[in-house]
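User: Could you take a close look at one part of this protein for me and then set it in its wider surroundings?

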Amino acid sequence: MIHYQTEKENGRLWFRETKFLPDYELKTESVFAQCNGYMGVRAAQPFSLVEEHRGMFLSGAFHKAYEDEVTELVNCPDLTWFALEIDGVKVYPDREGLVSFERSLDIYSGELIIHYIFQIAGKGQIEVENRRFASMTCKNLFVQTLKARVLDGDIKKIIVKTGINGQMTNSGVSHFHKSIARVYEKEVMELRSELEENVVTEAVVCKTSEGTLMEKEFSLKRRSVYGTYLLCPNEGCVVLEKIAFVDQAENGIGTKERKEALIEAAEKGYEGLFKEHRRKMEQFWDMARIRVEGMSGEEEAAVCFAQYHIAGMTPWHTNESSIAAKGLTGEGYKGHVFWDTEIFLFPMLLYTYPEEAKRLLEFRYKGLTGARKKARDYGFEGAMFPWEAGNTGEEETPLYAALNIHTGKANKVWSGIKEYHVTADVAYAVDQYYEASGDWKFMENCGYEIVFEAARFWVSCAKWDDKRKAYGIFDVIGPDEYTEHVDNNAYTNYMAVNCVRMAYGYAEKLKREKKDVFCALNQKLQIEKDLARWEEFLKKMYLPVPGDDGIIPQDDTFLSKPCIENIMKYKTSQIKQAVLLDYSREEIVNMQVLKQADVVMLLNLFPRLFEEEIVKKNVLFYESRTIHDSSLSYCAHAQACAAIGELELSWNFFQKCLVVDIDDNPHDSTDGIHAASLGGIWNCMIFGFAGVRYEDGILYLAPHLPKHWKCMEFCMVLEGVRVRFAIGGHKVVLTCEEEPDYPIRVRMNQKEYVLKGTLEIVKK
């Protein structure tokens, strides 16, 4: 159930919160955040609340506060706070006087509007409205207005105070070691906040667009600067516009340019800037929008919500940053990048904005030095990509987590040490990009090197098993994090083999077709000596295969473990990881119970790895043992169940996936939205329901639309050509918006077609 009301009007799609609900404050701050890929600003109310967590996060602004801390995305100085005084009476939403409240986010534009009516004791009623957006036209601009309108009574004096609050922390930890506040020409407030290797500068100009400005004065507080504006209503109304310009040292912007940009923006005003911003967002929706005939209004809103946040977390401006597990909406997971990016978020960008997908891979390439160091530190060769990445290739996963309150000892964190599969996940994304784009320049500059170094890692960590007379990969954690320290995890082994096969195939092809490129790479990496090892690995690596019952063993021991009793109790529990209330982690490891099933993930990535009957049997088998304690689980199972034609089960998972962030649980998403789950919505719709796959130059189609969906329409970019899809219950229509250099091969229902301009396939 969606907690927020949804409404579509005049080209806008609103999520609304129509009551003042302090218990939902932190959740809504995340859900309604304004993000443009460079900055993310939580949707805190303009006026101070007892329970709030203001936050502004800048892409790439990382810092390590203390030696025993990990590097984290810094909570930067706040721009959203306002104080309002009406004829000497201060206004607060969580005190007496609030008559009505509404907070609304337009998913199509990202504009947030917060609306109040206050009863001012002895003065009358006043309407207050705060509007804000993070500009997609200029990544540095954050734009706000505060409007106060007298509804009744005789109110003569309105005082608004606002500025830049540099006293923000990451859950109590302060990162900026120095902040310098200035006011220029009695107009522009500026706060320069210094990190060890970066400087965040925020400059603000405020102007009155309605009402009369009687007085203004500025004040400095420790790490903060504020302006106080005395306003007189004209026809009962005042409007103060606040335009902020935010940048980091790496941008090379000086004070003069910053001030000039602010002045130019102030001349355009809120409405002018918002108009430009909306045009940019309309371009995004023209490319990314998925239209479904038969989808309910709430379902449509949830899908658009996912795409809105993916747009807001994508670093459109750089390859120095990637997408964090919480995007730019909160402090969760320290702002770190996980495998979530390559497996769950990468696909939508790959097929709608391939240049942005490439930047995510270039970020991984820039981290190769750190990945090589991690491999060496653990006794391996090649590159071992970090489980948690910040702005470098160094591993950011802490070795120990919070103290056990009973023993006083810290708990060892194994994911950064044993979840090897992230290295194969990165290589998989490289290959997906190359297939979909044909971008051989990227491969020569970055891609081949990533894959070759990843293959070296896999060969070096495989060990010979005398019993099987094969290589195995031992003591790992797969995507299912409830089964730790297992041998021959199916997902890990198959992904490792896929990675080495890619590397070997790339090398052999380069030797045949681009000898100069191979020679240059060989001179840099000495890969010639690896070819024999890669070939042996591919011949002798153990891969779990279906047994007589058709089930692929998740690892060497999983199928020999007992099933957990009353698993439905935990599958249906509203409490995440409720199973850990009844069992210890040691007990969970020794049962057939999964947080999320990695065999299912494997089958999603390689849908033609096994026969259809085997795929279906394994999806259903592992789902029956999965508690879905991970936010990644619903979307993965929705996709898998759609692909095998289990549409009722798929739909149930899809509905749960849609509301991971927007359901009525006030305690979830408080530290940021679940980025990967949002990406999984796109994957489920395109790969699952629409049944689209592009592999080896062939576009595969196997639609499994939900019964009440009549038609899906969307766009994909295939090797530089934008193709429009219209997938209905009885026919599929594909249209190229420009003529491809060569026809696109299409395969559906075991028949092959050729797409040159428009192709219509009638289902039988």
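Which residue just after α6 takes a positive phi?

Analyst: Happy to help! That residue is G379, with a phi of about 85°. Before going on, please keep in mind that this is a predicted model, in which local features need pLDDT of at least 70, side-chain atom pairs count only at pLDDT 80 or more, and totals for chains, interfaces and linings use all residues. Residues are numbered from 1 along each chain as its sequence is written, and side-chain values use heavy atoms, with hydrogens and water left out.

Let's start with the helix itself. Helix α6 spans residues 368–377; helices here are DSSP runs of H or I with at least four residues, strands are runs of E with at least two, and both are numbered from the N terminus. Its buried residues are L368, G370, A371, R372, K374 and A375, where buried means under 20% relative accessible area, exposed over 50% and partly exposed in between, with a 1.4 Å probe and protein chains only. The cover over these residues includes helices α5 (354–366), α7 (415–418), α9 (440–461) and α11 (515–525); it is judged by contact, that is, heavy atoms within 4.5 Å.

Now to the nonpolar interior. A nonpolar core is a set of buried Ala, Val, Leu, Ile, Met, Phe, Trp, Tyr and Cys residues joined through side-chain atoms within 4.5 Å. The largest one has 219 residues, and F452, W458, F654, M685 and M712 have the most contacts inside it. Leaving out residues up to four places away in sequence, F452 touches A503, Y506, A507, L510, L521, L525, I527 and W534. A second, separate core has 15 residues, among them F245, L262, A265 and L273. In soluble globular proteins, nonpolar side chains tend to be buried together.

A charged residue can be buried too: E194, in strand β15 (residues 188–194), counts as buried because its relative accessibility is 17%. Beyond its neighbours within four places in sequence, E194 is in contact with H175, F176, H177, K178, I180 and V199.

Finally, the whole protein. Its secondary structure comes to 20 helices and 32 strands. The radius of gyration, taken over C-alpha atoms, is 27 Å, close to the 27 Å from the globule rule (2.2 Å times the number of residues to the power 0.38) for 764 residues, so the protein is as compact as a globular protein of that length. Buried residues make up 61% of the 764. Of the contacts with a separation of 6 or more, 67% are between residues 24 or more positions apart.
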